[in-house]
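Please open the model in your viewer and keep the selection panel at hand, since this tour moves from one place to the next and says at each stop what is found there.

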Amino acid sequence: MTNRLDRGYQRFQGEFEEAALRVLRSGYYILGEELEQFEESFARYIGVRHCLGVGNGLDALRLACMALDIGPGDEVIVPANTFFASALAVTQAGGTPVFAEPDEYYCLDPEEIEKRCTEHTKAVMVVHLYGQTARMDAISEICKRKGLRIIEDCAQSHGANYMGRVSGSIGDLGCFSFYPSKNLGAFGDGGAVVTNDDDLAARIRCLRNYGSSKRYYYDECGINSRLDELQAALLSVRLKHMGELNRERKASAAAYDKGIQNEKIIKPAVCLGAEHVYHQYVLRTQERDRLIGHLKIRGIDTIIHYPVPCHLTDAYASLGYKPGSLPVTEKYAATVLSIPMYNGLKKTEQQRVIEALNEF
Ligand SMILES: *Cc1c(COP(=O)(O)O)cnc(C)c1O
């Protein structure tokens, strides 16, 4: 029972195939009308003025850092319990990630910002992990007071909102990934940056295309990272169905919430005012290895998001963190477990997962 992406394709097969053929036959494959249309629809979906399609989620985050002029000597506060790309984007831009602890909802603890902020801090990268938005009211207030910019990593939170404000529209820049398994998934790599700021949007439009705003004239040194026409057309199809797709995930989560009853297992907490879109349904247990084995022999696959927190990766050894540096993060890394959660997960399959968990 692994993540069955083929079911997501079959569900709207006719529409996907029509869109793909339209692009293949058009003769336009990069920076064309399909991208413009997708950018317009996605901006509307998030409720912002601008959307720029880019090559993937990492590049979206990296371009956001570049557009905010984050470079050598600049620090960006990043939760340590995130996918590696959140931190890597800061490093690629030339800045330094400063790792911080999450709250009980697995998102950046607002109190950590004051604690980790130095004279070099330029921005805060908020990650709406597993599909739940961070407590953006508190985070926005602190960042405003301290003059820090906010980058939202929305790779797992397409359509999630906090007190009615949609993730990606709250900070200075919202960064999305359309990796196939995300809530809004492409059929290959893809990403986008959204913003209400006209100047940041113009800068990213230029940076994603070598730093060129006019063909063969270069304003600055950018990168090549564009969402291609084929992915844009396929994403436009899926975007039309996002309401239904996220509702289905929420219904699956509600069934888990209700069905899972085992004192050895901690279910995910939802913050008051947050609308969670369940990119993942993440449990915690002290007996993780044994639970993984128990589920495995019953044909149920699980994943750990993420076994090694960013601050303890070999890649960031030079930053000097040690086991014990971030105890909350490390406790989560040692105990979290994601159970099957994707569009197309059947009720009978889910019931088997619930029974296996309760039997444990
Ligand atoms: C998937 C993901 C990314 C990176 O997206 P890619 O498109 O794979 O580069 C970044 N941050 C988080 C939190 C993610 O889940």
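Begin with the largest pocket of this predicted model, which has a volume of about 690 Å³. To find it, select Tyr179, Ser181, Lys182, His279 and His305, which lie nearest the centre of the pocket among the 38 residues that line it. Then colour helix H4 (57–67), helix H5 (84–93) and strand E12 (336–339), because these are the elements that give two or more residues to the lining of the largest pocket.

If you colour the lining of the largest pocket by residue class, you should count 17 nonpolar, 16 polar and five charged residues. Where does the largest pocket lie with respect to domain 1 (6–100 + 107–240) and domain 2 (242–359)? Give each domain its own colour, and you can see that both of them contribute residues to the lining, so the pocket lies between them.

Next, select the ligand and the residues around it. The ligand is surrounded by 14 residues, and the closest of these are Gly57, Asp153, Gln156, Ser177 and Lys182. Now show side chains and look at three of these residues one after another. In the side chain of Gln156, an N or O atom is 2.8 Å from an oxygen atom of the ligand. For Ser177, the distance between an N or O atom of the side chain and an oxygen atom of the ligand is 2.7 Å. Lys182 has a polar side-chain atom that lies 2.7 Å from an oxygen atom of the ligand. If you switch on a surface, keep in mind that the ligand on its own has 380 Å² of accessible area, of which the protein covers 91%.

Move on to the second largest pocket, which holds about 370 Å³ of space. Select Leu31, Asn209, Ser212, Arg215 and Arg226, which are the closest to its centre of the 15 residues that line this pocket. Its lining, sorted by class, consists of seven nonpolar, three polar and five charged residues. While you are looking at Arg215, select Tyr216 as well, a residue with a positive phi of about 65 degrees although it is not a glycine. Tyr216 is found in the loop between helix H8 (198–207) and helix H9 (229–240).

Now turn to the cavities, of which the structure holds two of 30 Å³ or more. The largest cavity has a volume of about 80 Å³. Select Asn81, His305, Tyr306, Tyr332 and Ala333, since these are the closest to its centre among the 14 residues in its lining. Helix H12 (residues 327–335) gives the most to this lining, with three residues. Which residue classes would you expect to find in the lining of the largest cavity? Colouring by class gives ten nonpolar and four polar residues, with no charged ones. Domain 1 (6–100 + 107–240) and domain 2 (242–359) each give at least three residues to the lining of the largest cavity.

Before leaving this cavity, zoom in on the backbone between His305 and Tyr306, which are joined by a cis peptide bond with an omega of about 10 degrees. Tyr306 has its place in the loop between helix H11 (288–296) and H12.

The last stop is the second largest cavity, with a volume of about 50 Å³. Among the residues that line the second largest cavity, you can select Tyr105, Tyr106, Leu129, Tyr130 and Gln132, and then add Pro268, Ala269 and His276. The lining of the second largest cavity has nine nonpolar and three polar residues, and no charged ones. Keep the domain colours on, and you will see that domain 1 (6–100 + 107–240) and domain 2 (242–359) each supply at least three residues to the lining of the second largest cavity.

Key
Residues are numbered from 1 along each chain as its sequence is written. This is a predicted model: local features need pLDDT of at least 70, side-chain atom pairs count only at pLDDT 80 or more; totals for chains, interfaces and linings use all residues. Side-chain values use heavy atoms; hydrogens and water are left out. On a 1 Å grid over the protein atoms alone, a cavity is a set of points where a 1.4 Å probe fits but cannot get out, and a pocket is an open set with protein on both sides within 12 Å along at least five of seven lines; lining residues have an atom within 4 Å of a point. Grid points are joined across faces, edges and corners, and a volume is the space filled by probe spheres set on the points. Helices (H or I, at least four residues) and strands (E, at least two) are DSSP runs, numbered from the N terminus. Ala, Val, Leu, Ile, Met, Phe, Trp, Tyr, Cys and Pro count as nonpolar, Asp, Glu, Lys and Arg as charged, and the others, Gly among them, as polar. Domain bounds come from an automatic or database domain assignment. A residue is near a molecule or strand if one of its heavy atoms lies within 4 Å of it. A polar contact is a pair of N or O atoms within 3.5 Å; within protein, one must be able to donate a hydrogen and the other to accept it, and residues adjacent in sequence count only if both atoms are side-chain atoms. Accessible areas come from the Shrake-Rupley method with a 1.4 Å probe; for residues, only the protein chains shown count as cover.
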